[in-house]
Amino acid sequence: MKFRAKIVDTACLNHFTRVSNMIAKLAKTCTLRISPDKLNFILSDKVANGGVSMWCELEQENFFSEFQMEGVSAENNEIYLELTSENLSRALKTAQNARALKIKLTNKHFPCLTVSIELLSVSNSSRVVTHDIPIRVIPRKLWKDLQEPTVPDADVSIYLPVLKTMKSIVEKMKNISNHLIIEANLNGELNLKIETELVCVTTHFKDLGNPPSASEDVSQDRNPEQMAEVRIDIRRLLQFLAGQQVNPTKAVCNIVSNKIVHFDLLHEDVSLQYFIPAFS
């Protein structure tokens, strides 16, 4: 089992750092899946037990100038590693203005992801800063729990408003209630709503638009005015919004009424799926 990779392009390095920072905000620990053409960051809390799940995917050729890996076997050419997300994020913070970044799977009395950052000094000579990030190699028998989530058919899919705006609204709502209702319809309308015994507050968004495939598939037998809604833990939503450091090129909210909300985001070359179950 081997893995080594290198980034030399500054834009790719900065983008990879932003992705790592996002993952650190979304998940305390995560699984890094390494395959010949992709990297995935995975969070697989059981949605049935009220946990969120996440699937973040990077095409390795869009980031790395060198990428070599050998999986556990020829038939199962993949590697699954568990790590503390913040350790990777913290290591990459030293990579600003770096000449190169190398990542390698090593064993230094314990399994590590070794991050080596080549920095330019004032005298134009380079120095290397190395971080050894402890990891746990996940055995083959546990891989089945770490596959890409199956996406349930949504009752309504809708484009999201600017995430920064949404975040500031949800932050204010958090002071009033622990739970929030997200509702949307096929007319491009989205509401964020909190209800308590004393107060009901709703923020309305209009003309957001619906993804074409979603409205075509469902609109046959669904009234476009009819709202699909799900009640969720407001802290889960706020954690998701806080993790978005760059406004995505695409952001879609998929609602399965009273069951789950699934966010589907595209950040340049990185896709992110994030699932929050209904609060019961």
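In this predicted model, the structure holds 1 cavity of 30 Å³ or more. The largest cavity offers about 60 Å³ of space, and its lining is made up of F3, F16, L32, L39, F41, L88, I103 and L113.

One of these lining residues, L113, brings us to the strands β8 (residues 111-120) and β9 (residues 126-134), which run antiparallel and are joined by 9 bridges. Within this pairing, V115 faces H131 of β9. The two strands form a hairpin with 5 residues between them, and N124 in the turn has a positive phi of about 70 degrees.

Salt bridges are worth a look next: a search of the whole structure finds 11. One of them joins the side chains of D132 and K108 at 3.1 Å, N to O. Because D132 sits in strand β9 and K108 in the loop between β7 (98-107) and β8, this pair ties together parts that are 24 residues apart in sequence. Both partners are partly exposed, D132 at 37% relative accessibility and K108 at 35%.

A second salt bridge connects K167 and E171 (3.2 Å, N to O); these residues lie 4 apart in helix α3 (residues 163-174), about one turn of the helix. The pair D233 and R235 meets at 2.8 Å, N to O. Here D233 is buried, at 10% relative accessibility, whereas R235 is exposed, at 55%. Salt bridges also link E183, K193 and E195 in a network.

On the surface, M1, V72 and V137 make a nonpolar patch of about 230 Å². V72 is found in the loop between β5 (66-70) and β6 (79-84) and, with 44% relative accessibility, counts as partly exposed.

Conventions: Residues numbered from 1 in each chain as written. Predicted model: local features only at pLDDT ≥ 70, side-chain atom pairs only at ≥ 80, totals over all residues. Heavy atoms only, no water. Pairing = 2+ DSSP bridges. Patch = residues over 30% accessible without salt bridge, like charges linked within 9 Å, V, L, I, M, F, W, Y side chains within 5 Å. Areas by Shrake-Rupley, 256 points an atom, 1.4 Å probe, with all protein chains shown as cover. Salt bridge = Lys/Arg side-chain N within 4 Å of Asp/Glu carboxyl O. Buried < 20%, exposed > 50% of the residue type's maximum accessible area, 1.4 Å probe, protein only. 1 Å grid on protein atoms, 1.4 Å probe; cavity = no way out; pocket = protein on both sides within 12 Å on 5 of 7 lines; lining within 4 Å. Points joined across faces, edges and corners; volume = space filled by probe spheres on them.
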